[in-house]
Each structure stands twice: as C-alpha cells, then as structure tokens.
Amino acid sequence: MKANYGYMDGSGEYYITIDTDKCMECSEHFCVKACPAGLFRIIEDDYEDMVAEIIPNKRQAIKYDCAPCKPLEDRPELPCMAACTPQAIEHSW
Ligand code: SF4
Ligand code: SF4
C-alpha cells in the first residue's frame, strides 16, 4: 500500500509517500536516523507489520521541515531517499 502524509495549500502539494509493502521487507529502518528533522518513525500497522510513517504532529509542516534538504538550486539526493535502499519513499515536491 502507498500511504500519503502531508497536505496541500495555495502554494502547492506537499506529500511524502511511503510504500509500506517495501517497509514490511525492510529490517534496517535507516530512514529514521537519516532524517535530520526526525520525521519518520516505525510503527506496527493493522496487519502487525512494522512499517515507517511520518510522525502525526509533523505532517502539517513537512514543507518547512524538509526545506533545508531541498535547496532551490543544485538539490542533492535527499537523505531519507538515499538511506532507504528498498526505495520506498517518494516526495511530491
Ligand atoms: S528505510 Fe525505507 S523501506 Fe525501510 S522502513 Fe524506512 S521507509 Fe520503509
Ligand atoms: S527531505 Fe530531509 S527532512 Fe524531509 S523527510 Fe527527507 S530527510 Fe527528512
């Protein structure tokens, strides 16, 4: 399943999408330590699988929390995506 976390406002759509089918097979959970803003946590879902999610009280500010990782020019690979070897993470912006 693809789970979307974030929001849209007048300036755009700000969603982080996590493919939980890939998380289920992931034992390393490198996303948690890789994110300087501490946006990720690992939870047990309704099917008793351990998957990543964006911490609930941070979902409405991801545009701002992610900004340091996303300079307007010469944007490097994002730390979360670089750390997630199963490639379970997408960003909408
Ligand atoms: S590193 Fe990627 S696959 Fe592993 S738990 Fe984090 S988001 Fe899921
Ligand atoms: S872009 Fe940076 S702050 Fe945003 S989720 Fe990825 S590592 Fe965390």
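**H29**

I began with H29 in this predicted model. I counted 17 other C-beta atoms within 10 Å of H29, so I entered this residue as partly exposed. H29 sits in the loop between α1 and α2. Its phi is positive, about 55 degrees, although H29 is not a glycine. I also found H29 in the shell around ligand 1.

**Ligand 1**

I then listed the residues around ligand 1: I18, K22, C23, C26, H29, F30, C31, A52, C84, P86, A88 and I89. The elements that give two or more residues to this shell are α1 (20-24) and α2 (30-34). Sorted by class, I noted 10 nonpolar residues, 1 polar and 1 charged around ligand 1.

**Ligand 2**

Which residues surround ligand 2? I wrote down A34, C35, P36, A37, L39, D65, C66, C69, L78, P79 and C80. The classes here are 10 nonpolar, no polar and 1 charged.

**Core**

I looked up the largest nonpolar core, which has 18 residues. C31 and I89 touch the most other members of this core. The elements that give two or more residues to the core are β2 and β4. Leaving out residues up to four places away in sequence, I89 touches I16, I18, C31, C80, M81 and C84. C31 and I89 also belong to the shell around ligand 1. As a general note, nonpolar side chains in soluble globular proteins tend to be buried together.

**The sheet of β1, β2 and β5**

I traced an open sheet of 3 strands in the order β1-β2-β5, paired antiparallel. β1 (2-9) and β5 stand at the edges, each with a single partner strand, so one side of each has no neighbour in the sheet. From one strand to the next the twist averages 10 degrees. Between β1 and β2 (residues 12-19), which run antiparallel, I recorded 8 bridges. One pairing I checked was D9, whose bridge partner in β2 is G12.

**The hairpin of β3 and β4**

Strand β3 (residues 40-44) pairs with strand β4 (residues 50-54) in the antiparallel sense, over 5 bridges. I looked up R41 and found that its bridge partner in β4 is E53. The hairpin has 5 residues between the strands, and E48 takes a positive phi there, near 65 degrees.

**The loop between α4 and β5**

I looked at two residues in this loop, T85 and Q87. The loop runs between α4 (79-83) and β5 (89-91). Is T85 buried or exposed? T85 has 10 other C-beta atoms within 10 Å, and the cut-off for exposed is 12 or fewer, so I entered T85 as exposed. Its C-alpha lies 16 Å from that of I42, with the two positions 43 residues apart in sequence numbering. Q87 has 9 C-beta neighbours inside 10 Å and therefore counts as exposed as well. I noted a positive phi of about 60 degrees for Q87, which is not a glycine.

**K63**

My last entry is K63, which lies in helix α3 (residues 62-65). Why does K63 count as partly exposed? It has 16 C-beta neighbours inside 10 Å; buried would need 20 or more and exposed 12 or fewer, so K63 falls in between. I also looked up the pair K63 and Y14, which are 49 residues apart along the chain. Their C-alpha atoms are separated by 6.2 Å.

Note on methods
Residues are numbered from 1 along each chain as its sequence is written. Chains are lettered from A and ligands numbered from 1 in the order in which they are written. This is a predicted model: local features need pLDDT of at least 70, side-chain atom pairs count only at pLDDT 80 or more; totals for chains, interfaces and linings use all residues. Two strands pair if DSSP finds at least two bridges between them. Helices (H or I, at least four residues) and strands (E, at least two) are DSSP runs, numbered from the N terminus. A residue is near a molecule or strand if its C-beta atom, placed from the backbone, lies within 6 Å of it. Ala, Val, Leu, Ile, Met, Phe, Trp, Tyr, Cys and Pro count as nonpolar, Asp, Glu, Lys and Arg as charged, and the others, Gly among them, as polar. Axes are lines fitted to C-alpha atoms, for helices over the stretch in contact, and angles run from 0 to 180 degrees between N-to-C directions. A nonpolar core is a set of buried Ala, Val, Leu, Ile, Met, Phe, Trp, Tyr and Cys residues joined through C-beta atoms within 7 Å. Two residues are in contact if their C-beta atoms, placed from the backbone, lie within 7 Å.
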